[in-house]
Amino acid sequence: MMNSKWMLAAASGAVLLSQAAVADLNAGVNAAVNAQADADAAEQTVRDQRDAAKADAKQAEKDARAQRDQMESDAKARHDAMKEDAKAKRDAMKDDANAMGDDARAKHDANMKKMEENRDAARQRHEDAMNNAQGAGANANAEMKAGAAGVNAEAKADAKADAEKKEKSWYNFWD
């Protein structure tokens, strides 16, 4: 019987040892499971961080694209506004130039009209002067003729006197 007690004791010990071994094994398994769970959790955290970083990068890219599109839109709007301003200024300058041209044309026409009036007035003054000169010339001509007639008459009288002197008697030579 001793053997059976001993066997029982040995079996009990083995069971106890095996329970301890199973407990250790369970603890080891639990530790491994916990370690795997921790690794999985860490991996999931890393995955979540990576996905968040990707999402952040995508959002940053979207934001950058939206900002770039907004800047392009603003630049285009400024460019269009500058083109409109330049066109308005160019049109205003054209209108000013046309107005200046019209003013210059009007001044030129007025000056030409004034010049024609002055020319007509000068022509009239010239004609009047010519008429006056012709009248004065006619008067002067008449006076000249009268003067010439007087001189002529005087010359004739002198000539007659000379002739009479010459007709003196031949013996009055000492006069």
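**Salt bridges: the count.** Start with the charged side chains of this predicted model. The total is 9 salt bridges. Three of them are stops on this tour, followed by a network and a view of the whole chain.

**Stop 1: Arg50 and Asp51.** Select arginine 50 and aspartate 51. Their side chains form a salt bridge. Draw a distance between the closest N and O atoms: it should read 3.6 Å. The cut-off is 4 Å, so the pair counts. Now switch on the surface. Is arginine 50 buried, partly exposed or exposed? Arginine 50 is partly exposed, at 44% relative accessible area. Aspartate 51 is partly exposed too, with a value of 37%.

**Stop 2: Arg68 and Glu72.** Move along to arginine 68 and glutamate 72. Here the side chains meet in a salt bridge, with 3.9 Å from N to O. That value lies within the 4 Å limit, so this contact is counted as well. Where do the two partners sit? Both are in helix α1, which covers residues 2–166. They are 4 residues apart, a separation of about one helical turn. Check the surface again. Arginine 68 has a relative accessible area of 44% and is partly exposed. Glutamate 72, at 48%, is also partly exposed. The limit for exposed is over 50%, so glutamate 72 stays in the partly exposed class.

**Stop 3: Lys76 and Asp80.** Next, select lysine 76 and aspartate 80. Their salt bridge spans 3.3 Å, N to O. Both residues lie in helix α1. The spacing is 4 residues, about one turn of the helix. Which class does each partner fall in? Lysine 76 is exposed, with a relative accessible area of 53%. Its value is over 50%, so it passes the cut-off for that class. Aspartate 80 is partly exposed, at 31%.

**Stop 4: a shared network.** Keep the side chains on and select Arg68, Asp69 and Glu72. Salt bridges with shared partners join these three into one network. Arg68 and Glu72 are the pair from Stop 2, bridged at 3.9 Å.

**Last stop: the whole chain.** Clear the selection and show the protein chain as a cartoon. How many helices and strands does it have? There is 1 helix, and there are 0 strands. Colour the chain by accessibility. Of its 175 residues, 0% are buried. Finish with the full surface: the chain exposes about 15,300 Å². Carbon and sulfur atoms supply 58% of that area.

Note on methods
Residues numbered from 1 in each chain as written. Predicted model: local features only at pLDDT ≥ 70, side-chain atom pairs only at ≥ 80, totals over all residues. Heavy atoms only, no water. Buried < 20%, exposed > 50% of the residue type's maximum accessible area, 1.4 Å probe, protein only. Helix = DSSP H or I, 4+ residues; strand = E, 2+ residues; numbered from the N terminus. Areas by Shrake-Rupley, 256 points an atom, 1.4 Å probe, with all protein chains shown as cover.
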